[in-house]
Protein chains: 2
Amino acid sequence: MAAEEGSFKALNENTLVDYIKATPSLCSRLGNDFGNLKIKEVGDGNLNFVYIVTTDSGSLVIKQALPYIRCIGESWPMSKERAYFEAITLQEHGRWCPDHVPVVYHFDRVMSLIGMRYLAPPHIILRKGLIAGIEYPLLAEHMADYMSKTLFHTSLLYNTTAVHRQEVAKYCGNLELCRLTEQVVFSDPYKKSEYNRCTSPYLDEDALAVQKDDALKLEVAELKAKFCERAQALIHGDLHTGSVMATQDSTQVIDPEFAVYGPMGFDIGAYLGNLILAYFSQDGHADAANDRYAYKQWILKTIEDTWKLFEKKFTSLWAENKDGSGEAYLSAIYNDRVFSLAQENYVKDLFHDSLGFGAAKMIRRIVGVAHVEDFESIQDAKIRAGCERRALEFAKKLLKERRGFQTIDAVIVAIQEVPF
Amino acid sequence: MAAEEGSFKALNENTLVDYIKATPSLCSRLGNDFGNLKIKEVGDGNLNFVYIVTTDSGSLVIKQALPYIRCIGESWPMSKERAYFEAITLQEHGRWCPDHVPVVYHFDRVMSLIGMRYLAPPHIILRKGLIAGIEYPLLAEHMADYMSKTLFHTSLLYNTTAVHRQEVAKYCGNLELCRLTEQVVFSDPYKKSEYNRCTSPYLDEDALAVQKDDALKLEVAELKAKFCERAQALIHGDLHTGSVMATQDSTQVIDPEFAVYGPMGFDIGAYLGNLILAYFSQDGHADAANDRYAYKQWILKTIEDTWKLFEKKFTSLWAENKDGSGEAYLSAIYNDRVFSLAQENYVKDLFHDSLGFGAAKMIRRIVGVAHVEDFESIQDAKIRAGCERRALEFAKKLLKERRGFQTIDAVIVAIQEVPF
Ligand SMILES: Nc1ncnc2c1ncn2[C@@H]1O[C@H](COP(=O)(O)OP(=O)(O)O)[C@@H](O)[C@H]1O
Ligand SMILES: Nc1ncnc2c1ncn2[C@@H]1O[C@H](COP(=O)(O)OP(=O)(O)O)[C@@H](O)[C@H]1O
Ligand SMILES: [Mg+2]
Ligand SMILES: [Mg+2]
Ligand SMILES: [Mg+2]
Ligand SMILES: [Mg+2]
Ligand SMILES: [Mg+2]
């Protein structure tokens with residue numbers, strides 16, 4: 001053992017057993033009982049290895065990052081330090097929102113390995129639930145809770161600038177993952193790139209049109225600058241519907257390995273943008289038994305409720321903490337009427353940021369490298385392309401005209417007005 | 001010696017001699033000749049000790065930071081690590097603009113001590129030159145050169161995001177100095193504070209009005225957030241006319257101890273705002289022999305030229321480097337017509353930021369803790385208050401209406417329209 005201390009080793013379903021047995025914090029989660037031990041690799045994600053570990057007396061999940069991107073291979077190296085940023089973010093976000101973040105049992109920085117709570121069935125990845133047409137009555141409430149608490153408590157509305165700058169510095173180290181976002185979200189879709197793909201030949205022209213759309217590219221430049229420069233809060237950084245696991249009464253946010261101090265709207269937009277993608281994909285999942293009409297209405301209502309509840313919870317947290325340690329709006333300056341105005345301004349900007357980032361996230365899922373299962377699972381390419389085109393047209397409009405939207409209701413109306 | 005290695009010691013005119021003699025990089029600057037050695041402390045600044053060292057064969061300046069603010073004393077502690085940030089910024093800015101930044105000969109982090117080029121007479125502090133009514137024909141050209149080169153080359157227009165995040169992290173350590181800015185520029189003037197002062201009783205009402213001006217406070221909140229959150233470039237952080245030493249043909253920028261990755265407009269605004277303060281102070285320096293009319297016109301022309309030359313140099317640097325390593329606007333995306341549009345948008349935002357920060361810097365010099373010699377040297381309090389009030393009224397207007405100004409010419413017109 002001693003010889004290997006301090007060195008990284010990629011584990012597998014077999015070697016993981018010894019690792020667990022040698023790690024007290026993991027053993028205890030299994031009740032120190034290895035009867036009926038089962039280990040199964042389930043990493044359906046793009047980047048890492050995820051193992052579900054169960055025994056007669058307990059369960060846990062092990063996630064290990066390798067020094068490259070799993071789905072591409074060693075040809076695309078990627079710092080395995082991302083596991084460190086994922087672990088400390090699960091802990092920090094978990095501190096503010098324990099109801100919606102899995103507990104971290106163990107973290108091994110050298111091994112880039114996290115042990116965390118196993119989100120047992122019926123938890124499934126939200127994106128799969130949305131494809132299956134499952135309604136989640138508490139989803140809006142839960143996600144609004146998660147986003148408001150994590151973003152508020154890691155911003156200057158809650159922290160001193162001293163704490164803030166220290167944390168910003170720490171997360172600057174997650175630069176490789178940020179660079180991936182910069183490339184695949186803000187750059188590749190707007191230029192020729194070997195990585196881009198689309199539902200060809202149907203969307204070939206549409207993809208080219210994105211690359212020639214000056215107005216769109218100018219807006220994207222602003223968003224990219226905001227992503228790279230603005231340390232507003234500790235964001236999850238990859239908050240799509242594949243980073244959420246849900247049941248009818250539980251909602252859990254996983255996989256914050258892209259975490260960084262960035263614009264809050266990047267998280268809110270990623271999430272809402274992916275819900276809008278789910279909406280536009282529904283027509284591709286409709287069949288004789290289910291036209292998905294009611295489900296589309298439920299998605300729209302969930303989008304509306306998510307933003308409205310977020311706004312309510314976020315401004316409430318702010319109001320409750322206005323005499324606290326946050327240094328952006330000192331209560332000796334901002335009180336009474338001007339406090340409400342300050343909140344209004346802040347939330348309005350955040351709303352427009354969210355729409356912009358959300359739109360950018362939608363576009364990149366249609367003409368960039370990484371597509372979403374919502375569309376990919378539509379077998380008929382022509383039908384898929386039709387769904388994608390409507391989503392793309394809406395996203396382009398939203399990105400360019402976002403400042404014209406004053407309410408989420410107006411956004412919902414615009415979604416419904418996209419012509420077939 | 002060994003016993004003291006690694007420990008900080010505040011030097012004085014006497015103990016500095018031994019320090020210099022024990023430091024080869026300093027000795028060599030004095031030609032290794034201590035004949036006629038003279039050491040004189042000249043720190044007219046607020047924070048640190050500055051020694052001019054001359055011998056028959058050479059000269060240099062030594063600047064030492066103590067762990068508190070000099071003009072206040074040990075009751076206001078302040079990290080002496082500020083000397084480290086000053087030293088590395090002099091080096092980084094000097095790398096991009098050697099013509100306008102003094103060379104660093106020596107840096108001792110433990111001692112918080114910098115050895116640098118002595119800017120010999122006729123160099124004087126620009127603020128003193130402005131008070132004396134001296135015209136500097138090359139000032140606009142030089143300062144535009146300094147600001148465009150230092151800001152451009154430390155931004156994402158020139159650097160990769162990897163370099164950028166590394167540098168941002170490093171400068172997060174300068175948080176104590178940033179906190180001082182946050183307090184004295186963006187907070188204290190807008191609330192009751194034991195530190196605030198103004199030309200009393202004349203400006204008492206004006207100072208109170210600032211604290212009651214909701215529209216003003218909402219704008220200041222936006223600027224404060226930008227200062228705390230937006231890592232756009234390595235800014236000097238304290239670029240007023242007291243941080244510039246000038247002759248008829250030389251312009252040198254000193255004292256970047258407040259350096260941090262922040263919004264570019266903070267530097268440009270600080271500098272232009274202090275020129276505008278100089279303008280409004282001139283009536284207090286007019287006498288029978290010199291009504292200062294021509295000099296006021298020269299200041300206005302200098303403000304106009306500084307911005308116009310800055311814009312020209314900055315966009316030229318950008319155009320020259322558009323196929324370089326900068327990652328904000330990849331040339332595969334932003335070329336031809338859209339490149340010009342992108343530049344226009346960027347510069348327009350920067351202009352409005354600069355006006356906002358400039359206005360905030362003006363306001364804090366009239367109703368905050370630290371005033372400027374331009375006004376302080378006006379003996380007659382009533383005349384001084386009159387000058388200050390006009391500057392304050394203009395600054396408030398500029399802060400609130402900055403987005404309405406499309407050109408620097410419009411700003412110049414507005415300055416001249418301030419009623420007596
Ligand atoms: N705590 C958990 N409980 C149950 N399943 C999980 C857990 N964490 C991850 N998974 C499963 O593993 C998959 C990949 O995990 P994820 O953290 O998204 O990895 P990646 O970073 O590779 O995308 C998820 O889609 C989910 O199916
Ligand atoms: N390199 C230099 N050459 C000549 N004089 C200098 C130099 N650096 C500083 N000084 C003088 O010392 C004063 C204080 O220096 P400064 O760097 O502004 O210190 P502080 O941080 O205390 O404001 C300046 O106003 C100037 O008169
Ligand atoms: Mg994932
Ligand atoms: Mg992941
Ligand atoms: Mg507060
Ligand atoms: Mg100074
Ligand atoms: Mg200084």
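Ala, Val, Leu, Ile, Met, Phe, Trp, Tyr, Cys and Pro are counted here as nonpolar, Asp, Glu, Lys and Arg as charged, and the others, Gly among them, as polar. On this division, the shell around ligand 2 consists of 10 nonpolar, 3 polar and 5 charged residues. The structure described is a predicted model.

Ligand 2 is surrounded by 18 residues, of which D44(B), N48(B), K63(B), R117(B) and E257(B) come nearest. Polar contacts to ligand 2 involve both side-chain and backbone atoms of chain B. A polar atom in the side chain of N48(B) is placed 2.7 Å from an oxygen atom of the ligand. The side chain of D255(B) likewise has a polar atom 2.9 Å from an oxygen atom of ligand 2. From L119(B) the contribution is a polar backbone atom, which lies 2.9 Å from a nitrogen atom of ligand 2. Taken alone, ligand 2 exposes 540 Å², and 93% of that area is buried by the protein.

The site in chain A was examined in turn. Around ligand 1 there are 18 residues, and those that come nearest are D44(A), N48(A), K63(A), R117(A) and E257(A). By class, the shell of ligand 1 comprises 10 nonpolar, 3 polar and 5 charged residues. Two acidic side chains approach oxygen atoms of this ligand: an N or O atom in the side chain of D255(A) is 2.9 Å from an oxygen atom of ligand 1, and for the side chain of E257(A) the corresponding distance is 2.8 Å. The backbone of L119(A) also takes part, with an N or O atom 2.9 Å from a nitrogen atom of ligand 1. On its own, ligand 1 has 550 Å² of accessible area, of which the protein covers 93%.

The relation between the two chains was then considered. Two copies of a chain are related by a rotation about an axis and a shift along it. For chain A and chain B, a turn of 180 degrees with a shift of 0.0 Å along the axis lays one on the other with an RMSD of 0.0 Å. This is the relation of a two-fold axis. The same surface serves both copies, since 98% of the contact residues of chain A recur in chain B.

The fold of chain A includes 15 helices and 12 strands. Its radius of gyration is 22 Å, close to the 22 Å that the globule rule gives for 420 residues, so chain A is as compact as a globular protein of that length. Along the principal axes, the C-alpha atoms of chain A fill a box of roughly 60 × 60 × 40 Å.

Several loop positions carry notable backbone geometry. In chain A, S200(A) and P201(A) are joined by a cis peptide bond with omega about 0 degrees. P201(A) belongs to the loop between α7 (175-187) and α8 (204-212) of chain A. In chain B, a cis peptide bond with omega about 10 degrees joins P121(B) and P122(B). The loop holding P122(B) runs between β7 (113-116) and β8 (124-125) of chain B. A positive phi, near 50 degrees, is found at S112(A), a residue other than glycine. S112(A) is located in the loop between β6 (104-108) and β7 (113-116) of chain A.

Methods: Residues are numbered from 1 along each chain as its sequence is written. Chains are lettered from A and ligands numbered from 1 in the order in which they are written. This is a predicted model: local features need pLDDT of at least 70, side-chain atom pairs count only at pLDDT 80 or more; totals for chains, interfaces and linings use all residues. Side-chain values use heavy atoms; hydrogens and water are left out. Copies are superposed by least squares on the C-alpha atoms of residues with pLDDT of at least 70 in both. Contact means heavy atoms within 4.5 Å. A residue is near a molecule or strand if one of its heavy atoms lies within 4 Å of it. A polar contact is a pair of N or O atoms within 3.5 Å; within protein, one must be able to donate a hydrogen and the other to accept it, and residues adjacent in sequence count only if both atoms are side-chain atoms. Accessible areas come from the Shrake-Rupley method with a 1.4 Å probe; for residues, only the protein chains shown count as cover. Helices (H or I, at least four residues) and strands (E, at least two) are DSSP runs, numbered from the N terminus. The radius of gyration is taken over C-alpha atoms; the globule rule is 2.2 Å times the number of residues to the power 0.38.
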